[in-house]
Amino acid sequence: MINQVTLVGRLTKDPELRVTQEGTSIVNVTVAVNRNYKNQAGDYDADFVQCTFWNKIAENTAQYCHKGSLVGIVGRIQTRNYENQDRKKIYVTEVIAESVRFLEPKKVEQTIP
């Protein structure tokens, strides 16, 4: 069986690094991925894909990326469910990243003398 996803899109917010009780780094982000066709208004719509980054991928993304950063992600789709406070079953589909490429050059900050 094959479960592989490739996405290129922009982060919708700054990544926030968290650490689990076991000491594992994790970042949850949403990536806006443009569709390849225009809507009736002549604009490109986007899909907003939930992604999870673990370990070094999470640490590097939190350090070097920000809202609007263009990233390429290769990963797999994973589904899970849980019961919320109202005892309603919530289903989640997300991409678990196996690699992330930063697709924009690092901006160099200039200081004015």
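Start by selecting cysteine 51 and valine 95: valine 95, in strand 6, is the bridge partner of cysteine 51. Keep in mind as you click around that this is a predicted model.

Now widen the selection to residues 44–54, which make up strand 4, and residues 89–102, which make up strand 6. The two strands run parallel, and two bridges join them.

Next, add residues 70–83. That's strand 5, and it runs antiparallel to strand 6, with 13 bridges joining the pair. For a spot to zoom in on, pick asparagine 81 and look across to its bridge partner in strand 6, tyrosine 91.

Follow the chain around the turn. Strand 5 and strand 6 form a hairpin with five residues between the strands. Select arginine 87 here: its phi is positive, near 65°.

Then go to the other end of strand 5 and pick serine 69, which sits in the loop between helix 1 (55–64) and strand 5. Is serine 69 buried or exposed? With a relative accessible area of 5%, serine 69 counts as buried, because the cut-off for buried is under 20%. Show its side chain and you'll find that it reaches the backbone nitrogen of histidine 66 at 2.9 Å. Beyond its neighbours within four places in sequence, serine 69 is in contact with Gly9, Arg10, Leu11 and Glu104, so select those too.

Last stop: colour the chain by pLDDT. The mean is 92, and 94% of the residues reach 70 or more. Among the elements, strand 1 (residues 5–11) has the highest mean at 97, while strand 3 (residues 25–38) has the lowest at 94.

Conventions
Residues are numbered from 1 along each chain as its sequence is written. This is a predicted model: local features need pLDDT of at least 70, side-chain atom pairs count only at pLDDT 80 or more; totals for chains, interfaces and linings use all residues. Side-chain values use heavy atoms; hydrogens and water are left out. Two strands pair if DSSP finds at least two bridges between them. Helices (H or I, at least four residues) and strands (E, at least two) are DSSP runs, numbered from the N terminus. Buried means under 20% relative accessible area, exposed over 50%, partly exposed in between (1.4 Å probe, protein chains only). A polar contact is a pair of N or O atoms within 3.5 Å; within protein, one must be able to donate a hydrogen and the other to accept it, and residues adjacent in sequence count only if both atoms are side-chain atoms. Contact means heavy atoms within 4.5 Å. pLDDT is the predictor's confidence in each residue, from 0 to 100.
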